[in-house]
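Here is a short tour for anyone who likes to know how a fold is put together before setting up a calculation. Please keep the viewer open as you read.

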Amino acid sequence: MLSKKASCNTHGQGSSYFLGWQEYERNPYHHLHNLDGIIQMGLAENQLSFDLLQSWMQQNPDAAEFKRDGESLFRELALFQDYHGLPDFKNAMVEFMAQMRGNRVRFDPKKLVLAAGSTSANETLIFCLAEPGEAFLLPTPYYPGFDRDLKWRTEVEIVPIKCTSSNGFVITKSGLDEAYNSAQKQGLKVKGILVTNPSNPLGTTLSKEELNLLISFIDSKCIHLISDEIYAGTVFDSPGFISAMEVLLEKKWAKSSVRDRVHIVYSLSKDMGLPGFRVGSIYSNDERVVSAATKMSSFGLVSSQTQHFLSAVLSDKKFTASYIMENKKRLKQRYEMLVSGLENSGIRCLKSNAGLYCWVDMRHLLKSKTFEAEMDLWKRILYQVRLNISPGSSCHCSEPGWFRVCFANMSEETLTLAMQRIKDFVDSINKRHQSVGRYSHRRSLTKWVFRLSFDDRAPEER
């Protein structure tokens with residue numbers, strides 16, 4: 001017999017988000033070995049700037065070989081296991097975080113907790129801030145993995161903050177109030193709000209007005225704000241990125257206790273394209289949160305070898321500045337390539353300025369304005385078009401017909417093929433509609449001619 005935790009189905013593995021991955025893994029596209037396979041467009045992974053990191057490694061072989069001034073550090077790194085982390089790495093990490101935010105805000109390494117990726121960081125924060133059965137509010141649409149990361153082991157509930165396309169999915173005061181009141185009606189104690197900034201899946205950044213609204217709201221309710229900023233370095237267009245920590249520098253928050261209830265999650269998975277290195281972090285002004293999260297981090301440490309290597313990479317300010325600039329340039333080019341390809345098929349996207357994906361509007365392709373129709377369209381795209389994209393329902397979007405489509409985890413050639421596949425699919429739908437339209441027109445015309453001839457007859461002929 002297994003425990004209730006092991007046998008329960010609250011992991012979220014049944015979501016279409018994960019089901020699409022499973023289908024991709026059964027039949028993955030390969031440019032040489034499987035041309036008819038499924039192209040993975042459901043993975044928010046940044047593969048556009050690997051060459052920059054590889055070039056740096058070639059020029060700095062000691063870092064990758066765990067050496068300092070030619071002397072091996074293998075024994076030292078192999079034995080080090082302090083869960084506080086390597087001081088050199090934590091210093092380099094906070095400097096890089098500041099650099100990503102234009103050095104408009106500084107970070108203290110003593111307030112930084114390392115974790116094995118942002119998944120671990122988010123879950124650790126939830127464990128620190130909430131009891132089982134309490135709730136966090138999340139604006140919709142949100143990253144499908146949060147149903148696993150925030151709920152599965154913590155047993156904390158998620159209450160959606162409804163955002164709609166009518167205003168570009170912007171967070172509003174009425175939306176916050178509605179979600180908070182809904183939680184209370186369900187008997188749930190609200191412990192905080194979690195946002196992704198830049199947004200996953202929207203690819204947009206929160207404005208200063210939205211951030212001030214959120215901080216004012218948590219201040220009035222005496223709850224927490226978790227700002228997941230793992231896409232901070234992917235902002236490739238205006239408006240620029242504003243961190244929650246930057247807003248806290250404003251005079252009205254400078255001496256407020258709310259500063260201790262705003263927490264940042266960051267990682268190197270998206271900005272540096274290193275998800276396999278499993279480097280995440282928590283930043284908090286609350287010493288109690290830092291202390292508790294540090295103790296919990298022993299369940300998901302970052303290896304000493306990884307910390308040593310990345311401290312060398314991040315400490316090279318000339319390289320990181322060049323990397324940030326070039327990576328943003330490449331992301332913008334790839335974003336424009338996707339948007340242009342979709343527009344060529346008559347498909348529009350929400351205007352975005354960040355992230356590794358687009359929030360794509362396919363409402364006009366639905367057979368009806370229902371989530372059942374959305375799932376039907378998703379299955380056709382997955383099995384017929386052979387593209388794995390994420391349906392909006394998996395992101396808890398309140399409107400059917402939206403999809404998250406990733407663009408940075410493949411080559412230009414693969415993206416071009418994906419765009420051709422979607423165009424062929426849309427063209428086939430349009431041709432079918434035209435054919436049905438012509439058939440309906442012919443039937444209507446036949447009926448009209450028949451009725452006209454019938455009306456012209458004398459009464460006795462009818």
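The notes below cover the sheets, the helices packed on one of them, the enclosed space and the cysteines.

## The model

Please bear in mind that this is a predicted model.

## The seven-stranded sheet

Let us begin with the sheet of seven strands, which is open and has mixed pairing. Reading across it, the order is β4-β10-β9-β8-β7-β5-β6. At the edges you will find β4 (112-115) and β6 (157-161), each of which pairs on one side only. On average, neighbouring strands here are turned by 25 degrees against each other, with direction ignored.

One pairing to pick out in your viewer is that of β9 (residues 262-267) with β10 (residues 280-284), an antiparallel match over five bridges. Within this pair, V265 of β9 faces I282 of β10.

## The four-stranded sheet and its helices

Another open sheet is built from four strands in the order β11-β12-β15-β14, with antiparallel pairing. Its edges are β11 (348-349) and β14 (390-391); each has a single partner strand, so one side of each has no neighbour in the sheet. Strands β12 (residues 357-361) and β15 (residues 402-406) run antiparallel and are joined by five bridges. Here V360 is the residue opposite F403 in β15.

Two helices pack on this sheet. Helix α14 (residues 317-343) touches β11, β12 and β15, and its direction makes about 20 degrees with that of β12. Helix α15 (residues 371-385) touches β14 and β15, at about 30 degrees to the direction of β15.

## Enclosed space

How many cavities of 30 Å³ or more does a search of the whole structure find? The search returns one. The largest cavity holds about 50 Å³ of space. Its lining consists of M41, L342, M362, L387, I389, V405, M419 and I422. Of these lining residues, L342 falls within helix α14 (residues 317-343), and V405 falls within strand β15 (residues 402-406).

## Cysteines

Why does the structure hold zero disulfides? A disulfide needs two cysteine sulfur atoms within 2.5 Å. For C128, the closest cysteine sulfur is that of C222, 17 Å away, so the two are too far apart for a bond. The sulfur of C358 has its closest cysteine sulfur in C349, at 4.4 Å, which is also too far for a bond.

The surroundings of these cysteines can be described too. C128 is partly exposed, with a relative accessible area of 25%, whereas C358 is buried at 0% relative accessibility.

Terms used
Residues are numbered from 1 along each chain as its sequence is written. This is a predicted model: local features need pLDDT of at least 70, side-chain atom pairs count only at pLDDT 80 or more; totals for chains, interfaces and linings use all residues. Side-chain values use heavy atoms; hydrogens and water are left out. Buried means under 20% relative accessible area, exposed over 50%, partly exposed in between (1.4 Å probe, protein chains only). Two strands pair if DSSP finds at least two bridges between them. Contact means heavy atoms within 4.5 Å. Axes are lines fitted to C-alpha atoms, for helices over the stretch in contact, and angles run from 0 to 180 degrees between N-to-C directions. On a 1 Å grid over the protein atoms alone, a cavity is a set of points where a 1.4 Å probe fits but cannot get out, and a pocket is an open set with protein on both sides within 12 Å along at least five of seven lines; lining residues have an atom within 4 Å of a point. Grid points are joined across faces, edges and corners, and a volume is the space filled by probe spheres set on the points.
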